[in-house]
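Subject: Structure handover

Hello,

Here is the structure I said I would pass on. Please open it alongside this email; my notes follow below.

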Amino acid sequence: MAQAEIGLIGLGVMGSNLALNIAEKGNKIAVFNRTVDATRKFYAEAGELQSQIVPCETIEEFVAAIRPPRPIIIMIKAGEPVDQQMELLKPYLENNDIMIDAGNANFRDTMRRFDNLKDSGLTFIGMGVSGGEEGARHGPSIMVGGKEESWKRVEKVLTSIAAKYNEDPCVAWLGENGAGHFVKTIHNGIEYADMQMIAEIYGILRDGLKMSATEIGEVFGTWNKGRLNSYLIEITEKVLKAADPITGKPIVDLILDKAGQKGTGKWSVIEAQNMGIPATAIEAAVAARSISSVKSEREAAEKVLGLPAVGEFKVADKAAFLKDLESALLAAKIGAYAQGFAVMAQASREFNWNLPMPTIARIWRAGCIIRSVFLDEITTAFTKDPNVANLIVTPAFADMVKETDGALRRVVSAAALGGLPVPALASALGYFDSYRRGRGTANVIQAQRDFFGAHGFDRVDGADAHHGPWGSGLNA
Ligand code: NDP
């Protein structure tokens, strides 16, 4: 029997769907799972794809089934389990075999694993996979980090399974070691911001305009036909229009308002902060999930403080306000993406990855959770000017910001006056307003720092005097 082209360990939600996708595209695949029953069940349910699958019950059998140099995808619970699995696998592998961690790893773990294998003859790929269960089964967006030779060994299989945007596969080698997992992390950070901004707009429609879930679903459905067209807007319409089978009420009204998180949003923010790159919309989104999770505290606070006493949320022209909400969402989204790309640009410099910005935008156009027509526009902007300092100063996006930021300003003002929380929308507005202002207010910060800590400052007139006349001996 011909050997398998690739192996996969971990037949959970993502692994089993990815394995079926690989098999369906004509690639023979060997599979293994820690719990043998899962392997048996997976194979039994694989139907006509069984001929492309080699189910293995021991690691020895699994490794022997794959053509060397062996690419082995590890798609298991992130963190410690990946280290354990790699240790178990290592003794059976040979020179140039490639272990591929396809889970949501912290890129710092990927860098460490990469380094640990440096002199072992084995290689490592850290591979970000986006698109959830559906994406894994029918075409995810795949972000690959590792040695270029390792990528060459898996390029054909990964290209065959990736999502396609107008025939263009949404997979690419993005750089050495942690590049793929870093980009996946920032993808998720942007996803947090995108989702939070949608939720804030929903909040204005629900609590400000008092619209029902189904009516709000209609609004998102209309927007999905325009410039906001994206997977997240599409599923938001579906979510808002879905009825609960038990009560018949909109299901969204019955879902507890406590959001979960697994870490990629937080990692995005930590890395952005480490590098000194503002990612305020992503920060606001991560913080909003944290605030959402302290439901009982929020309920207690509402009893103590009450909701802001602002009276009725008043909008003079509802149709015009709905248009403003659409434009505001687009403007804020531009801010979040600009921040995410700026974080990646800095990481590329710090870690010598040479991250290809147009390629990243290109492979996010389909397959992943943030897929949208908007990413096609980002691809075009970065293709024209790959080294631009910030997406918002590219000609196309500068025009879009100028066209939509007035609406964002009106929406954030209306929400603030109406007592409705819009932290991510407001932070995007604050970002635009700070970033576009040549003369800011940090001169006061510098003066304060010099006053209490003699930290010194530079002068606008270039004079060679770097301390203020504070009169306490600090201005020596
Ligand atoms: P599941 O919970 O469905 O499956 C977990 C898998 O990990 C099982 O195969 C399990 O094996 C295996 N496993 C757990 N601990 C160990 C261990 N110590 N040694 C060996 N195997 C172990 O997870 P998902 O498929 O949802 O997620 C897998 C990875 O993909 C995670 O990193 C996740 O963050 C990432 N991911 C998930 C997405 C999603 O939408 N779900 C999207 C993108 C990435 P066993 O059957 O023996 O328990």
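Is Phe32 buried or exposed? Phe32 has a relative accessible area of 8%. The cut-off for buried is under 20%, so Phe32 is buried. Please keep in mind throughout that this is a predicted model.

**Aromatic pairs**

The count of aromatic pairs comes to 15. Take Phe32 and Phe62 to begin with: their ring centres are 6.1 Å apart and their planes meet at 45°, so this pair is tilted. Phe32 sits in strand E2 (residues 29–32) and Phe62 in helix H3 (residues 59–64). The two are 30 residues apart, so the pair links distant parts of the chain. Phe62 is buried too, at 0% relative accessibility.

Phe220 and Trp223 make an edge-to-face pair, with 5.2 Å between centres and 75° between planes. Both belong to helix H9 (residues 213–223). They are three residues apart, about one turn of the helix. An α-helix has 3.6 residues a turn, so residues three or four places apart point the same way. Phe220 and Trp223 are both buried.

One aromatic cluster is made up of Phe107, Phe182, Phe351 and Trp353.

Two arginines sit over tyrosine rings. Arg289 lies over the face of Tyr192, 3.6 Å from the ring centre. Arg371 places its charged end over the ring of Tyr231, at 4.0 Å from the centre.

**Strands E1, E4 and E5**

E4 (residues 71–74) pairs with E5 through four bridges, and the two run parallel. E1 (residues 6–9) is joined to E4 by three bridges, again in parallel.

Ile73 is a good place to look. Its bridge partner in E5 is Ile100. Leu8 also stands opposite Ile73. Further along E4, Ile74 stands opposite Asp101 in E5.

What about burial on the two sides of E4? Pro71 and Ile73 point one way, Ile72 and Ile74 the other, and all are buried. Strand E5 (residues 98–101) is likewise covered on both faces. Ile98 and Ile100 are on one side of E5, Met99 and Asp101 on the other, and all of these are buried.

**Helix H17**

H17 covers residues 395–417, 23 residues in total. From first C-alpha to last, H17 reaches 33 Å, close to the 33 Å expected at 1.5 Å a residue. Where is the kink in H17 centred? On Thr404, with a bend of about 40°.

Buried residues in H17 include Phe397, Met400, Val401, Thr404, Asp405, Ala407, Leu408, Val411 and Ala415. Their cover includes helices H8 (179–208), H14 (318–350), H16 (373–384) and H18 (423–435). Just after H17, Gly419 has a positive phi of about 75°.

**Residues to inspect**

Three more residues are worth a look.

- Ser327 is in helix H14. Its relative accessibility is 17%, so Ser327 counts as buried. Leaving out residues up to four places away in sequence, Ser327 touches Arg227, Thr404 and Ala407. Thr404 is also the centre of the H17 kink.
- Phe313 is in the loop between helix H13 (295–305) and H14. Phe313 has 14% relative accessibility and so counts as buried. Residues up to four places away aside, its contacts include Ile204, Gly208, Leu209, Phe321, Ala414 and Ala415. Gly418 and Leu420 are among its contacts as well. The C-alpha atoms of Phe313 and Gly419 are separated by 8.7 Å, with their places 106 residues apart along the chain.
- Gln196 is in helix H8. At 15% relative accessibility, Gln196 counts as buried. Beyond its neighbours within four places in sequence, Gln196 is in contact with Ala285, Ala288, Pro423 and Ala424.

Over to you.

Best wishes

How values were computed. Residues numbered from 1 in each chain as written. Predicted model: local features only at pLDDT ≥ 70, side-chain atom pairs only at ≥ 80, totals over all residues. Heavy atoms only, no water. Expected span 1.5 Å × (residues − 1). Bend = angle between axes of the 7 residues up to and from the residue. Buried < 20%, exposed > 50% of the residue type's maximum accessible area, 1.4 Å probe, protein only. Contact = heavy atoms within 4.5 Å. Phe/Tyr/Trp six-rings, centres within 6.5 Å; stacked < 30°, edge-to-face > 60°. Lys NZ or Arg CZ within 6 Å of the ring centre and 35° of its normal. Pairing = 2+ DSSP bridges.
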